[in-house]
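Please open the model in the viewer and keep the selection tool at hand. The tour below proceeds stop by stop, stating at each one what to select and what is found there.

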Amino acid sequence: MGYTKVEDVLQDLGGYSKYQKWLSLALIFPQFPTALIVLSPIFTGTSNVPLLCPTSSIRHNSTDACINALNCTDDSENFEFVSIVQEWNLVCSMSWVTDTITSFQMSGMMIGAFVSSIFSDTYGRKKCFIIQTFLMGLLGMAPALASGPWSYAVARFFAGFSVGATFVVYLSHLTEFLVPSWRNICGALSFYPIAEMVLPLLACLIGSWRLLTFATAIPALFLLAFYRFILESPRWLLVKNRPDEAHKVFEKIAEWNSKPVPRLDEIKELQSVILKQETAALSGLKAMKTIMKNQTLRRNLIIETFCVVTCAIVFYGVSFNAKNLGGNKYLNVFYMGVLDFVASPASMLFSNCMGRRKTFMIFMFSGTTFMIAIVFLLMLNPYGSSSPIIVIALSLGGRFFIVAGWSGLKVMILETSPTNLRATCIGLTVFAGYFGGVLSPQLATLATVSPALPYIILSSMTVLSSIFSWFLSEMLEKPLTDTMELDVRVADKNRDEQ
């Protein structure tokens, strides 16, 4: 009997063997420079700047100096790290500029995710990976050449655009090389936490925001040396009616894993099965229209998009606010990295036994309890001045569970999307996540109304995400679907089993 799924071929070629392990490292590593570039504004744009005032011999915090209307100047010459705030005097009436620049960067990431999803579905995963990696290294350095805050904001937008494709590309690309039992490593294994731990060290060692900007982008260029060994997705090639090229990919995987090569006629038979329900792969606007017309996929995508926005607002909100939390900002970012290092793979411990959906719900409800605790704490003590350590601990704790839930959510998005629409679906959800990132710096303005208000909103969103996720299909140990029609039948079967 011939092959009926790409997973059958991959299983015969060793499952998660030598090539898949190497590819996992190569495709997940771009998260390292991504995290460095995205989170670097925590230090390059910090507004927590000490100032020297003529009426006092001591340094004042920039916020206190502005509130008390002191005639102060920045202390850039004697400060351990020189940020854009000091170089361009972005304090007092100009203090809003730094958060706006962060929103510029997140807007670029949002658009980059959308564009790359269409490009990846149309021209292939490998091409998109190579292009986005090159752009990430090149455009990631561009902000260091800015001459003022607005040219810096534009450069940050394009840097964000270049990194926006990272998660879209690697999630689609890697998933299509994995057998079902190993798909949960997508989103669970990550270099992002390592970068979070390295970034504060770099900021301590490099005293200039311009040099730090260069340093965060350079690692992206390292991957270009290995592009020859990164193969195109055989699943995508079959959906695109290119069986000969798909067979060559399987040949190379077999060579890496020391397994027998499948016959070309078997691969062509597999392709006929995949394309029986649909004569052409979907991409671009056609893909978008198909998603909107299909009830099952549309419902899944709406729920998953809301959940991603929720996770993103909490994740980026706490991340970018690390510079304003009490204590040492270098240690705050380092602690985030340590917690994320544990949180990212946490879903792997439960998702294969409890299922993706239940695992996500548990983590989201756990994160909600921390945010509700912050709400009560701030209602009792509006400005948290007597308990900054508790606020920091609760913020990082809530973020920990949201990160763990987000890694499981990525797997659900991958598994509920058919191959010919997978990159587009991922692109839409990543687009939504970056939209949450755009909003997250602005949530701080709600605290001027009530310090507890942002956390009340976030708690409500996490509860709704947990409830809505119950209506998603459970895909544990089920093969990935290849076309829209097959996706509908699988989803209907899953609902019947539940």
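Begin with an aromatic cluster: select Tyr19, Trp22, Phe177, Phe229 and Trp256, which together form one such group. Please bear in mind throughout that the model is predicted.

**The whole chain**

Return to the full view and colour by secondary structure; the protein chain has 24 helices and 3 strands. Of its 498 residues, 59% count as buried. Among contacts between residues at least 6 apart in sequence, 82% join residues at least 24 apart. If a surface is displayed, its accessible area comes to about 19,700 Å², and carbon and sulfur atoms account for 66% of that.

**The nonpolar cores**

Next, select Leu174, Ile253, Tyr316, Leu409 and Tyr434. Within the largest nonpolar core, which has 117 residues, these five touch the most other members. Helix α21, residues 388–415, gives the most to this core, contributing 14 residues. Now centre the view on Leu174 and show its surroundings: beyond residues up to four places away in sequence, Leu174 touches Leu23, Ser24, Leu27, Ile28, Ile185 and Cys186. A second core, separate from the one just visited, consists of 10 residues, including Trp88, Val97, Tyr152 and Ala153.

**Aromatic pairs**

The structure holds 22 aromatic pairs, and two of them are visited here. A pair of aromatic rings is described by the distance of the centres and the angle of the planes.

Select Trp88 and Trp209. Their rings are arranged edge-to-face, at 5.4 Å centre to centre and with 65° between the planes. Trp88 lies in the loop between α6 (84–87) and α7 (96–123), whereas Trp209 lies in helix α12 (residues 209–222), so the pair ties together parts that are 121 residues apart in sequence. Both Trp88 and Trp209 are buried.

Then select Phe370 and Phe401, a tilted pair at 5.5 Å centre to centre with 35° between the planes. Since Phe370 belongs to helix α20 (residues 356–380) and Phe401 to helix α21, this pair ties together parts that are 31 residues apart in sequence. Phe370 is partly exposed, its relative accessible area being 25%.

**A nonpolar patch on the surface**

Switch to the surface representation and select Phe365, Leu464, Ile467, Phe468, Trp470 and Phe471, which make a nonpolar patch of about 570 Å². Helix α23, residues 453–468, gives the most to the patch, with 3 residues. Phe468 lies in this helix and, at 33% relative accessibility, counts as partly exposed.

From Phe471, move to Asn300, which touches Phe471 as well as Thr416, Leu472 and Ser473, residues up to four places away in sequence not being counted. Is Asn300 buried or exposed? At 2% relative accessibility, Asn300 counts as buried. Asn300 lies in helix α17, residues 295–320.

**Two loop residues with positive phi**

Most residues other than glycine have a negative phi. Select Asn241, in the loop between α13 (234–239) and α14 (243–257); its phi is near 65°, a positive value. Asn241 counts as exposed, at 51% relative accessibility.

Finish at Ser258, which is found in the loop between α14 and α15 (264–274). Phi of Ser258 is near 55°, again positive in a residue other than glycine, and Ser258 is exposed, with a relative accessible area of 66%.

Key
Residues numbered from 1 in each chain as written. Predicted model: local features only at pLDDT ≥ 70, side-chain atom pairs only at ≥ 80, totals over all residues. Heavy atoms only, no water. Helix = DSSP H or I, 4+ residues; strand = E, 2+ residues; numbered from the N terminus. Buried < 20%, exposed > 50% of the residue type's maximum accessible area, 1.4 Å probe, protein only. Contact = heavy atoms within 4.5 Å. Areas by Shrake-Rupley, 256 points an atom, 1.4 Å probe, with all protein chains shown as cover. Core = buried A, V, L, I, M, F, W, Y, C linked by side-chain atoms within 4.5 Å. Patch = residues over 30% accessible without salt bridge, like charges linked within 9 Å, V, L, I, M, F, W, Y side chains within 5 Å. Salt bridge = Lys/Arg side-chain N within 4 Å of Asp/Glu carboxyl O. Phe/Tyr/Trp six-rings, centres within 6.5 Å; stacked < 30°, edge-to-face > 60°.
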